[in-house]
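Please look over the model below before reading on. The text after it goes from the overall fold to individual residues.

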Amino acid sequence: MTTLADLAELVRAPAALSVPGDVIAGAAAAGALSPRTPALAGASVLLYWAGMAANDWADRRLDAVERPERPIPSGRVTPAAAVGLAAGLTAAGVGLAAAVGGRRAVALAVPLAATIWGYDLLAKNTAAGPAVMAACRGLDVLLGASGGRVTRALPAAATVAAHTWTVTALSRREVTGADAKLPMRTLAGTAVVAASAAVAVPRARRATAREADQTGARPGRTGAAAGVAAVLPAVLAGWYAARYGAAQAEVVRDPSAGRVRAAVGAGITGLPALQGALTARGGAGLLGLAVAAAAPLGRRLARKVSPT
């Protein structure tokens, strides 16, 4: 009989802690933080879980050989239940986005859902796989920006997408191990990603009172407050780079499958620190700290349910 623990393992439930930060970072960058942002983040989590269930359904025959302990090959979840859950979560995610964000949110949620399924069913085992997965995360950031100026969130979307490319490229070697060149490339990518998140984006004007209410920024900040606001993205980006970068450096030293899996896990659970940096860069410092706090929580939960 399928249990909630089996379903949690199927959808990699703890890894969902890395998802709301996409939407929050996008909303902060676009000046669109509002009471509907948490609901859009919820829609994003539903779509993420749908993708995880669809992934295991698509990989059920391969997992029977390489990962027989996974829920489907072990018989704890049937293939029909997995694909049905994936379809239901997809419909729920798009429906929630439509309910709270209207047409502008749907215009991003539908392509996001289609890209997720396209990755699982078509692109995953091709050379295009990492790029398609990166597009999923980039669209997720833009979903959060759907209530504001979406173009202002493009740099944040590109940063999260680039991080996702590194994690996906590594994940393709979780079973076989990697050569040293791959982690060297992803480590260089991580350095670029961290530097991008750490650099403040020039604003055309100071935050208005309305934007301050939405983002937590203070109009016309000066002195110490402005200094903290300028430094916080760099601090959080450095935290992200140190944790994820150290795991990749270990893969360079020892490119075994176990080290690769550890680096992939660090990339997944460390993403909230990057999202926190981007949120703080968007002017919401306290919210950025809250987003980044999901990183250590995700690491603790990952000890119980694998995020990979």
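What follows takes up the fold, one covered helix, the pocket, the cavity and some local features in turn.

The model is a predicted one. Its protein chain has 13 helices and zero strands, so the order of elements from the N terminus on is α-α-α-α-α-α-α-α-α-α-α-α-α by the assignment of helices and strands as DSSP runs. Of the 308 residues in the chain, 50% are buried. Contacts in the chain reach across the sequence: among those between residues at least 6 apart, 76% join residues at least 24 apart.

Helix H2, residues 20-30, is an example of a covered element. In H2, 10 of the 11 residues are buried. The buried residues are Gly-21, Asp-22, Val-23, Ile-24, Ala-25, Gly-26, Ala-27, Ala-28, Ala-29 and Ala-30. What lies over them? The cover of the buried residues of H2 includes helix H3 (37-58), helix H6 (129-144), helix H7 (154-171), H11 and helix H12 (285-292). Directly after H2 comes Gly-31, with a positive phi near 65°.

On the other side of H2 in sequence, the loop between helix H1 (4-10) and H2 holds Arg-12. The phi of Arg-12 is also positive, near 50°, and this residue is not a glycine. Most residues other than glycine have a negative phi. Arg-12 has a relative accessibility of 5%, and therefore counts as buried.

The largest pocket comes next. Its space amounts to about 960 Å³. The elements that each give two or more residues to its lining are H3, helix H4 (60-66), helix H5 (79-123), H6, H7 and H11. Which of them gives the most? H3 does, with seven residues. In total 43 residues line the pocket, and those nearest its centre are Asn-55, Tyr-119, Lys-124, Ser-171 and Glu-174. Sorted by class, the lining of this pocket consists of 16 nonpolar, 12 polar and 15 charged residues.

Lys-124, one of the residues nearest the centre of the largest pocket, is placed in the loop between H5 and H6. Is Lys-124 buried or exposed? Its relative accessible area is 7%, so Lys-124 is buried, the cut-off being under 20%. Apart from neighbours within four places in sequence, Lys-124 is in contact with Asn-55, Ala-58, Asp-59, Tyr-119, Gly-129 and Arg-172. Two of these names, Asn-55 and Tyr-119, also appear among the residues nearest the centre of the pocket.

The model also has an enclosed space. There is one cavity of 30 Å³ or more, and the largest cavity has a volume of about 40 Å³. Its lining is made of Pro-14, Ala-15, Leu-17, Ser-18, Ile-268, Thr-269, Pro-272, Ala-294 and Gly-298. Helix H11 (257-281) and helix H13 (294-302) each supply at least two of these residues, and H11 has the largest share, three residues. By class, the cavity lining has six nonpolar residues, three polar and no charged.

Two ring arrangements can be picked out. The count of aromatic pairs is one. Tyr-240 and Tyr-244 form this pair, which is tilted, with 6.0 Å centre to centre and 45° between the planes. The angle falls in the tilted class because planes under 30 degrees apart count as stacked and those over 60 as edge-to-face. Both tyrosines belong to helix H10 (residues 223-253) and are four residues apart, about one turn of the helix. An α-helix has 3.6 residues a turn, so residues three or four places apart point the same way. Tyr-240 is buried at a relative accessible area of 2%, and Tyr-244 is buried at 1% relative accessibility. The other arrangement involves a charge: the charged end of Arg-60 sits over the ring of Trp-57, 4.5 Å from the ring centre.

H10 also contains Ala-230. How far is the C-alpha atom of Ala-230 from that of Arg-281? The two C-alpha atoms are separated by 7.7 Å, although the residues are 51 apart along the chain. Ala-230 has a relative accessibility of 46%, so it counts as partly exposed.

Terms used
Residues numbered from 1 in each chain as written. Predicted model: local features only at pLDDT ≥ 70, side-chain atom pairs only at ≥ 80, totals over all residues. Heavy atoms only, no water. Phe/Tyr/Trp six-rings, centres within 6.5 Å; stacked < 30°, edge-to-face > 60°. Buried < 20%, exposed > 50% of the residue type's maximum accessible area, 1.4 Å probe, protein only. Lys NZ or Arg CZ within 6 Å of the ring centre and 35° of its normal. 1 Å grid on protein atoms, 1.4 Å probe; cavity = no way out; pocket = protein on both sides within 12 Å on 5 of 7 lines; lining within 4 Å. Points joined across faces, edges and corners; volume = space filled by probe spheres on them. Nonpolar A, V, L, I, M, F, W, Y, C, P; charged D, E, K, R; others polar. Contact = heavy atoms within 4.5 Å.
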